[in-house]
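Got a structure to pick apart? Let's go through the labels people put on it and check each one against its cut-off.

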Amino acid sequence: MVTDYNATVTTDQANRQTRSTIKVNDPLAVGGDTIYLLGNGYAPQITIRNPQGAVVFKDTIPFLPQDTNLTSLGVVKVPDGLSKQVGMIGFFYPTQTTQSTGLPASVYPDLLNPVLSLRVFTGDLGLSSGVPKSVYVLNTSRMTPIAGRGTSVNALRLTPGTAVPLPNGLGSVELTGVKRFASFQVTHDPTQTWMLVFAFLILGGLAAGLFIPRRRVWVRITDDGDRGWLVEYAGLARGDDPRLQSIIAALAQQHQTTSKTATNREPQ
Amino acid sequence: MSLSPSTASIVLIYSAMAIYAIALVAYTLDLARRAAPLRATAAARNSPTSRTSGVDDPAGPSSATTVVMVAAESQALTVRESSSSRAGRIALALTVLAWLIHLAGVVLRGVAAHRVPWANMYEFSITSTVIIVGIFLLMQIWLNIRYLGTFVVGLMLVLLGVGSVGFYVDVTPLPPALQSAWLVIHVLVAMTATAFFALSFAVSALQIVQGRRVGQARRWGNTLRAQLTRLLKTVPDAETLDTMAYRIIIVGFMLWTFTLMAGAIWANRAWGRYWGWDVKEVWTFIIWVIYAAYIHAKATRGWNGTRAAWLAIVGFAAVMFNFGVVNVFFKGLHSYSGL
């Protein structure tokens, strides 16, 4: 079980180099910007040679992680150098095992038993149509499978440092190494402080709106002749307010106490 | 015999469930007693009376006769019931005992994991149920709401049972995305809000039954109708329950609003954006909207009572969906069930 992914980086600010780490939940603040670690994965280094042994393709290709054990999916496109255009699609397993179903799977995200499994297609990669294509997608509609599912040849199985021949004598593929990649996001957000201020205001306003009861109180004083003054109290609440009665009663009580004190003082 | 904390935690949780189950039987017996025709439940009915305070002193010239008129009729949340049913007292005592054992189980899980015990669905289940019962017991101090026991403990047992059997996972270290102080705040507040919503669900459901008791009971047999009527007479009327549900929901709503905000702040820290339309984010927002609609409905004439109660029930159904279905079956950034 993986407990953490750390990106150790060196930042250069005003010619001062600082080493620091970035991880999820712990972004790095640099010069008013924030750098987030969004993801990481593996980028296999692939070398392809023609039948004569000359290198026609050499690239480091990011494979996109599909699960927490970093089983990764990627595409290799070789438009030039071989007798036909070659496209390959496959999975990279950092720690490969075979499941009970017979299918391969990665059981750990570190490189304990790295295996690259590739299906091979030949035909038209569709790169000359002038329309930009995703490097992560292989359109096989105008291609013929020559290894892997749909053919009699097994998918290519590559481990680091081994070269495997391509079917039909096209050449060979070698997994020369595996590099890691990480994706970062750089954000500049000057509104953060204000966001926090307004979030608190919203919460405060909501609390005030919900918990402070709205009441209206009327007091009517009428001359009751010999019996003195009649003071009447009335209260109206917005919605349910079980404390209205006791609050009005308390107000009346308070008035009574003060008026009595006033009466006692009057004769002087 | 020495037990590891995680095993001891499981033993305690299951023991608590057994005692809750006995408490549930006692709560049910208490309800049955309320429905019984003999030993009438007419005792202690403290219906609120219009209180008139004031002193009549006709001699003094400035004497004030105080009349209190209250326009909005308020009803105290006191319960008109026979407060001393033995089954009810036993049920409450058993609930307290089960709750303490349950709480010990939750604490031990935290000890076993060396972190807060709410990082996956199993832990969320055991901790949020301990909060539900905790708040239920806390409310007993001010209000006699023992009549809700059957519903609350029953609901809680279902959640705890499903959580323990269906969602159980061994103690595992935290995945990177959860390693943050926000886990403590965001999830704890979310669980407390869920607990308030669960209680309001119980109150609203009872409110609907109470509000329709005449209409529905008519369709049933005479004996049953009489029993149901007697039973429902021992619990507060629909209006009082309505007020009670509203008060519970506004607390839950405040906490839920905070959950949503804290979640956005955490999301910004972890993933670099406040809001990303992740399934769980969307469902949390949907729940917020439903309860906001409930509060709005209460403020609008004509939507009080049963209709608002149905909204509260829909709200809790959405809470359950968000927890039980979204976490397990939808792929999103909040898939921490560990299943």
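Q: What share of the 339 residues of chain B counts as buried, and what makes a residue buried here?
A: In this predicted model, 41% of the 339 residues of chain B count as buried. The label needs 20 or more other C-beta atoms within 10 Å of the residue's own.

Q: What is chain B built from?
A: Chain B has 10 helices and one strand. Going along the sequence, the pattern reads α-β-α-α-α-α-α-α-α-α-α. As for contacts in chain B between residues at least 6 apart in sequence, 82% join residues at least 24 apart.

Q: What makes a group of residues a nonpolar core, and how many residues does the largest one have?
A: Buried residues from the nonpolar set have to be joined through C-beta atoms within 7 Å. The largest core put together that way has 82 residues, and Val152(B), Leu199(B) and Ala202(B) have the most contacts inside it. Eight helices of chain B each supply at least two of its residues, among them H1 (5-35), H5 (182-211) and H8 (238-271). H5(B) gives the most, at 15 residues.

Q: Which residues is Leu199(B) in contact with, leaving aside neighbours within four places in sequence?
A: Leu199(B) touches Ile132(B), Ile135(B), Phe136(B), Val152(B) and Ile248(B). There is also a second, separate core of 27 residues, which includes Tyr42(A), Ile46(A), Tyr93(A) and Leu158(A). In general, nonpolar side chains in soluble globular proteins tend to be buried together.

Q: Why are H9(B) and H10(B) called roughly antiparallel?
A: Their packing angle is about 170°, with the axes 9 Å apart. Angles over 145 degrees earn that name, and H9(B) and H10(B) are therefore roughly antiparallel.

Q: Which residues meet where H9(B) packs on H10(B)?
A: On the H9(B) side they include Trp283(B), Ile287(B) and Tyr294(B), while H10(B) brings residues including Leu311(B), Gly315(B) and Val319(B). Sorted by class, this contact has 16 nonpolar, three polar and three charged residues.

Q: How do you know that chain A is more spread out than a compact globule?
A: The globule rule gives 18 Å for 268 residues, but the radius of gyration of chain A is 38 Å, well over that, so chain A is more spread out than a compact globule. Along its principal axes, the C-alpha trace spans about 125 × 50 × 45 Å.

Q: What else can be said about the make-up of chain A?
A: Chain A comes to two helices and 17 strands. Of its 268 residues, 22% count as buried. Among its contacts between residues at least 6 apart in sequence, 47% join residues at least 24 apart.

Q: Why does Ile212(A) count as exposed?
A: The cut-off for exposed is 12 or fewer C-beta neighbours, and Ile212(A) has 8 inside 10 Å, so Ile212(A) counts as exposed. Ile212(A) sits in the loop between helix H1 (192-211) and strand S16 (215-223) of chain A.

Q: What makes Asn15(A) exposed but Asn25(A) partly exposed?
A: Asn15(A) has 5 C-beta neighbours inside 10 Å, so it counts as exposed. Asn25(A) has 19 other C-beta atoms within 10 Å, which makes it partly exposed, since buried starts at 20.

Q: What is notable about phi at Asn15(A) and Asn25(A)?
A: Asn15(A) has a positive phi of about 60° although it is not a glycine. Asn25(A), another non-glycine, has a positive phi near 75°. Asn15(A) lies in the loop between S1 (7-13) and S2 (16-22) of chain A, and Asn25(A) in the loop between S2 and S3 (28-30).

Terms used: Residues are numbered from 1 along each chain as its sequence is written. Chains are lettered from A and ligands numbered from 1 in the order in which they are written. This is a predicted model: local features need pLDDT of at least 70, side-chain atom pairs count only at pLDDT 80 or more; totals for chains, interfaces and linings use all residues. Helices (H or I, at least four residues) and strands (E, at least two) are DSSP runs, numbered from the N terminus. Two residues are in contact if their C-beta atoms, placed from the backbone, lie within 7 Å. The radius of gyration is taken over C-alpha atoms; the globule rule is 2.2 Å times the number of residues to the power 0.38. Axes are lines fitted to C-alpha atoms, for helices over the stretch in contact, and angles run from 0 to 180 degrees between N-to-C directions. Angles under 35 degrees count as roughly parallel, over 145 as roughly antiparallel, 65 to 115 as roughly perpendicular and the rest as oblique. Ala, Val, Leu, Ile, Met, Phe, Trp, Tyr, Cys and Pro count as nonpolar, Asp, Glu, Lys and Arg as charged, and the others, Gly among them, as polar.
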